[in-house]
Amino acid sequence: MSALAYDGLAMTGRQLRRVRNSPGLAILTQLMPVNMLLFFGYVFGSALAMPGREYRAFLVPGLLVATAAGGLMTGMFQAAADTHRGVMDRFRTMPVSRAAVPLGQAVADLVVTAIGTVPLLLVGLAVGWRIEGSAAGAAGAVGLLLLFRFACTCAGIFLGLLTRSEDAAGQLGASSFVLPLLSDAYIPTDHLPGWLRTLAEWNPISAVTTALRDLFGNAPVPHGAAWPVAHPVAGSLAWTLALVAVFLPLAVRRYSHGE
């Protein structure tokens, strides 16, 4: 086994033990999207043009992607906490692969996300959401969702290493909550003003959300949308791979160089 794989597994195990030692935080994190599904689905669903049941089917993929985008906040806070407390400095003094530390955190987050997605899917099924496409399409949707989470976590880790402060990371991470609001995660973009629709459709969250709706068979691809939304699978892969290609090397470089 290579040094990167061995050290990466060790770092992944460390991060998973952190989650195990803080079960309350993990439970609250996983309950938030379920609460949002019930709130948005039943409170806002009746106020929209589409019937409530259809809106909840429309909403579930959006909440899945919004939860995946939360990797930005999670990765940022955990990396900043380890940096602020001197954990990263201790790791740098050890014979550990430089890429293993950020990669281990990202992979551990991916495992937790995969497990935490199950309750949201079950509640979605209970309120009327269904997988109306093929099994292969549904598997592709889940894979794309996890890849997007990995990309967001890589971006968050780099920003956390950059800020080096838990307070700054918490404030910056909280501001990322607005990103799903500027997308089609919760509402269609058809009736938005021109400039706002363009902004929303070039948001990576919109591309991934539209791809999930298409692969799950919940909604057709909008006509006349920007390229990432008009070609959602290709657009999602392009955005996701670009994020990984930019932020993963930056995170490894930032960790390696320290201050």
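Which residues line the second largest cavity? Met11, Arg14, Gln15, Asp82, Met88, Val101, Gly104 and Gln105 do. The model is predicted, and this report covers its confidence, cavities, pocket and cores.

## Confidence

The protein has a mean pLDDT of 88. Of its residues, 95% reach 70 or more. Helix α11 has the highest confidence, at a mean of 96. Helix α8, residues 166-175, has the lowest, at 78. Where pLDDT is low, the predicted coordinates should not be read in detail.

## Cavities

The whole structure holds 2 cavities of 30 Å³ or more. The largest has a volume of about 50 Å³. Its lining consists of Gln30, Pro33, Leu64, Thr67, Ala68, Thr113, Gly116, Thr117, Leu120 and Leu145. Helices α2, α3 and α6 are the elements that give two or more residues to this lining. The top contributor is α6, with 4 residues. By class, the lining of the largest cavity splits into 5 nonpolar and 5 polar residues, with no charged ones.

The second largest cavity has a volume of about 40 Å³. Helices α1 (3-21) and α6 each supply at least two residues of its lining. Here the classes are 3 nonpolar, 3 polar and 2 charged.

## The largest pocket

The largest pocket holds about 1,100 Å³ of space. It is lined by 42 residues. Closest to the pocket centre are Thr29, Gly70, Met73, Thr74 and Arg149.

Six helices, α1, α2, α3, α4 (71-84), α6 and α8, each give at least two residues to the pocket lining. Helix α2 gives the most, with 8 residues. The lining of the largest pocket comprises 22 nonpolar, 15 polar and 5 charged residues. One of the contributors, α8, is also the helix with the lowest confidence.

## Nonpolar cores

The largest nonpolar core has 53 residues. Within it, Phe148, Tyr186 and Leu212 touch the most other members. At least two core residues come from each of α2 (23-44), α3 (52-69), α5 (87-92), α6 (100-126), α7 (135-163), α11 (204-216) and α13 (232-257). Helix α7 gives the most, with 12 residues.

Beyond its neighbours within four places in sequence, Leu212 is in contact with Pro61, Leu64, Val65, Ala141, Leu144 and Leu145. Two of these partners, Leu64 and Leu145, also appear in the lining of the largest cavity. Apart from the largest core lies another, of 5 residues. Its members include Leu72, Met76, Ala80 and Ala155.

## Serine 206

Serine 206 sits in helix α11, the helix with the highest mean confidence. Is serine 206 buried or exposed? Serine 206 counts as buried because its relative accessibility is 0%, and the cut-off for buried is under 20%.

Which residues does serine 206 touch, not counting those up to four places away in sequence? They are Ser183, Asp184, Ala200, Glu201 and Val229.

## Recurring elements

Several helices return across these features. Helix α6 supplies at least two residues to the lining of the second largest cavity and gives the most to the lining of the largest cavity. It also contributes at least two residues to the pocket lining and to the largest core. Helix α2 leads in the pocket lining and is among the helices giving two or more residues to the lining of the largest cavity. Helix α3 is a contributor to the largest core, the largest cavity lining and the pocket lining.

Definitions and conventions. Residues are numbered from 1 along each chain as its sequence is written. This is a predicted model: local features need pLDDT of at least 70, side-chain atom pairs count only at pLDDT 80 or more; totals for chains, interfaces and linings use all residues. Side-chain values use heavy atoms; hydrogens and water are left out. A nonpolar core is a set of buried Ala, Val, Leu, Ile, Met, Phe, Trp, Tyr and Cys residues joined through side-chain atoms within 4.5 Å. Buried means under 20% relative accessible area, exposed over 50%, partly exposed in between (1.4 Å probe, protein chains only). Contact means heavy atoms within 4.5 Å. pLDDT is the predictor's confidence in each residue, from 0 to 100. On a 1 Å grid over the protein atoms alone, a cavity is a set of points where a 1.4 Å probe fits but cannot get out, and a pocket is an open set with protein on both sides within 12 Å along at least five of seven lines; lining residues have an atom within 4 Å of a point. Grid points are joined across faces, edges and corners, and a volume is the space filled by probe spheres set on the points. Ala, Val, Leu, Ile, Met, Phe, Trp, Tyr, Cys and Pro count as nonpolar, Asp, Glu, Lys and Arg as charged, and the others, Gly among them, as polar.
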